[in-house]
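Welcome! Here are some short exercises to work through with the structure open beside you. Try each task before you read its solution.

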Amino acid sequence: MNEKSHIDEYTSYVRDLQYKEVNFKVVMSGMSRVVHFLDAYGKTTRKRTFFGLEGEKRMQGLEFIMMVRREIRKLIDDGKEPPSYIEGTKVVAFNTEALKESSETEETLLEIDLNACYWKTAFNLGFITEELYIKGWDKRKNSKLGLVASIGSLNKKSFEETFEFGKGKGLIKLKKDDDLRPYYWAIINEVHRIMNETIKLLPKDHFMMWLTDCVYFKKESKQIIYDYFNLMGYEFKENTCNITKVQRNRVFWVNHKTGEEKYIFYSKNTTI
């Protein structure tokens, strides 16, 4: 039996179990905590899952997490060689000189956002089937965060702590998801490659920044970006913005569609 509660209740619930000197273990992964009640042989008799904040709206598309993991597990079980990858690559880049100049002229820039970028990339690399890809693509507007979470979950780390008569034995990192990690980083690496190719195609002073799956640049280079993304088979949407200021470690800009001013931190190793 698996009971469900909000993560807000987790800490007090575990403290109560410790006070009562219960035998149990906790498996922690991302924003979830699962308490396993143990019998005398260390076997799970029932579970209680803690996930999400009370009153928080449930993220749409969470069902894709298990669907993606199931399909990649099948690749592994079928003996498919895992992809080569480089861990730690970033998918952000900033041209600080161009950004500073743009903030002074207050020129209107284009921002082009790749639709369901990481979902599409997983499909392009052969990590998910066409059937699952289409299912996610059809729900991409309402399930945007769920699709992103399904890719991010491939890199999640899980930890376990066993409590004997209420006393914790210390955290242990579980290896159960380590075989999924190459697929996560291969997807990130491919988007990183597309980011670098995009930057190379643009005149240096036309490129402003790349944030995750969105490129910001001067309007004069619109056709270059359109041609490249169409060639790569990515659908995208277009918006306009302008840079308002550039500080030592932050860029501020206004999205013209919403009128909202946004900002993001940057560091020396993400500048070109």
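**Exercise 1: Strands around β7**

Strand β9 (residues 172-173) pairs with β7 in the antiparallel sense over 2 bridges. Strands here are DSSP runs of E with at least two residues, helices are runs of H or I with at least four, and both are numbered from the N terminus. Two strands pair if DSSP finds at least two bridges between them.

A word on the source: this is a predicted model, in which local features need pLDDT of at least 70 and side-chain atom pairs count only at pLDDT 80 or more, while totals for chains, interfaces and linings use all residues. Residues are numbered from 1 along each chain as its sequence is written, and side-chain values use heavy atoms, with hydrogens and water left out.

Task: find the bridge partners of Phe163 in β8 and of Phe24 in β7.

Solution.
- Step 1: β7 also pairs with strand β8 (residues 167-168), antiparallel, over 2 bridges. There, Phe163 has Gly168 as its bridge partner.
- Step 2: look at the hairpin of β7 and β8, with 2 residues between the strands; Phe165 has a positive phi near 50°.
- Step 3: strand β2 (residues 24-29) runs antiparallel to β7 (residues 158-164), joined by 6 bridges. Phe24 is matched with Phe163 in this pair.
- Step 4: return to β9, where Lys173 stands opposite Phe159.

**Exercise 2: The open sheet**

Task: explain why β5 and β14 each have one side without a neighbour in the sheet.

Solution.
- Step 1: follow the 7 strands of this antiparallel open sheet in the order β5-β10-β11-β6-β12-β13-β14.
- Step 2: β5 (92-94) and β14 (261-265) stand at the edges with a single partner strand each, so one side of each has no neighbour in the sheet.
- Step 3: go to one edge, where β13 (residues 250-255) and β14 pair antiparallel over 5 bridges. Phe252 has Tyr263 in β14 as its bridge partner.

**Exercise 3: Two helix residues**

Task: is Asn189 buried or exposed, and which side chain does its own side chain make a polar contact with?

Solution.
- Step 1: locate Asn189 in helix α7 (residues 181-201).
- Step 2: Asn189 counts as buried because its relative accessibility is 17%. Buried means under 20% relative accessible area, exposed over 50%, and partly exposed in between (1.4 Å probe, protein chains only).
- Step 3: its side chain makes a polar contact with that of Thr89 (2.8 Å). Such a contact is a pair of N or O atoms within 3.5 Å; within protein, one must be able to donate a hydrogen and the other to accept it, and residues adjacent in sequence count only if both atoms are side-chain atoms.
- Step 4: for comparison, Ser150 lies in helix α6 (residues 144-152) and, at 0% relative accessibility, is buried.
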